[in-house]
Amino acid sequence: MAAAAPAASGPAAPRTKTKKKQKRFVPQRVKVPRAADPLLAVLAWGVNHQINELSQVPLPVMLLPDDFKASSKIKVNNHLFNRENLPSHFKFKEYCPQVFRNLRERFGIDDQDYQVSLTRSPPHWEGGDRRFLLSSDRTLVVKELSSEDVADVHDLLSHYHQVRRGPRGGRGGRGASCSVGVAARCPSRSTWCSVTGARCCPRFLGMYRLSVDSEDTYLLVMRNTFSHRLPVHRKYDLKGSLVSREASDKEKGKDLPTLKDMDFLNKNEKVYVGEEAQREFMEKLKRDVEFLVQLKIMDYSLLLGIHELGGGAPTAPPPRGSAVTSTPTAPLGPGDFDPSVDVYALRGTEDAPRREVYFMGLIDVLTQYDARKKAAHAAKTVKHGAGAEISTVHPEQYAKRFLDFITNIFA
């Protein structure tokens with residue numbers, strides 16, 4: 001006997017629909033490394049973001065004036081990714097991204113290698129004043145700037161970038177030619193950063209503004225003057241001035257003090273390189289200094305680092321994939337260096353009192369001789385006398401004194 005169907009009990013009650021709130025997660029391409037300092041975490045995140053964004057943009061045929069004023073910025077609020085490392089609110093801005101991208105290419109630094117150098121492991125602060133960061137592979141230096149310095153870099157950048165075709169042509173800084181829409185405004189001899197020309201100038205690679213906890217920090221990334229591999233045992237900051245140019249007792253008490261002009265003279269220090277190497281270096285330095293005079297820049301220094309063979313073992317090799325491991329090379333022995341990586345290095349002569357390798361490059365090239373410097377010059381002249389070797393002088397006078405001093409550091 002078939003079972004009877006259940007009797008109808010009236011119309012069915014309508015179903016209640018429950019709306020589920022869905023969270024949206026924005027995936028990031030690279031998780032930034034753990035960094036105790038939130039500023040370093042934001043730097044790594046921002047460089048990763050900007051390099052990934054640039055990789056989607058074709059290289060421009062030529063740079064236009066607007067590229068030297070352009071910027072790219074991003075604001076992050078209440079993000080849900082990597083919260084244990086990144087602050088919940090921050091902003092990141094890159095200045096002139098296409099210009100610095102082109103400079104990196106001309107200096108032979110691949111964008112992916114640049115990214116790895118700054119992000120695989122956090123950079124670390126150098127010294128107690130927290131004004132310099134050193135990348136984990138020791139190839140890049142990150143300098144903290146003021147907002148006025150950022151304006152100075154913008155003023156300098158079009159002249160700095162301008163370069164003529166070198167004797168060999170080609171890409172990656174080996175005589176590279178770059179069409180620039182602002183060429184007509186550049187000084188006629190502005191071949192400053194051609195790798196086939198002047199080699200002493202700082203190699204600017206990127207400039208950023210980081211905003212964390214409502215505080216802005218400006219950073220300029222440059223090639224490290226010193227070696228990523230050979231440790232420096234003595235270093236000097238040389239201006240060619242003798243007034244107040246001796247390191248303080250506090251500075252001399254450091255493991256690696258930054259000594260100055262009077263210290264160099266008092267120690268009877270000399271740079272022992274061959275005549276040809278000295279001639280080539282001074283030609284490049286003079287070309288750089290002539291350029292700085294044209295732009296009324298003064299107060300720059302020659303940073304000199306000295307590696308003494310036998311004074312300490314080479315540092316550990318940089319991580320694979322960093323800016324210095326792109327091209328496999330034969331193992332380097334004590335005191336050896338790769339000139340395509342250690343671009344500021346000069347080998348000492350075999351008959352020198354000590355076997356040494358020298359690293360020499362210009363630093364602090366952003367100070368213009370403006371009203372403030374003119375006032376400082378007047379005050380120091382009153383204090384020390386008109387004939388004193390003070391550092392604050394007219395750019396042409398500064399350049400002559402600087403070159404005279406540097407010429408005499410050689411044995």
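**Helix H2 and the nonpolar cores**

Modeller: Let's start just after H2, where Gly108 takes a positive phi of about 75°. This is a predicted model, in which local features need pLDDT of at least 70, side-chain atom pairs count only at pLDDT 80 or more, and totals for chains, interfaces and linings use all residues. Residues are numbered from 1 along each chain as its sequence is written, and side-chain values use heavy atoms, leaving out hydrogens and water.

Biologist: What makes H2 a helix?

Modeller: Helices are DSSP runs of H or I with at least four residues, strands are E runs of at least two, and both are numbered from the N terminus. H2 spans residues 97-106, so this run of 10 residues satisfies the definition.

Biologist: Why is H2 called mostly covered?

Modeller: Buried means under 20% relative accessible area, exposed over 50% and partly exposed in between, with a 1.4 Å probe and protein chains only. In H2, 9 of the 10 residues are buried, including Phe100, Leu103 and Arg106.

Biologist: What do the buried residues of H2 pack against?

Modeller: Their partners include helices H1, H3 and H4, and strand E6. Contact here means heavy atoms within 4.5 Å.

Biologist: What makes a set of residues a nonpolar core?

Modeller: Its members are buried Ala, Val, Leu, Ile, Met, Phe, Trp, Tyr and Cys residues, joined through side-chain atoms within 4.5 Å. The largest such core has 81 residues, and Tyr300 is among those with the most contacts inside it. H1 gives the most to this core, 8 residues. Apart from it lies another core, of 9 residues, among them Val232 and Phe337.
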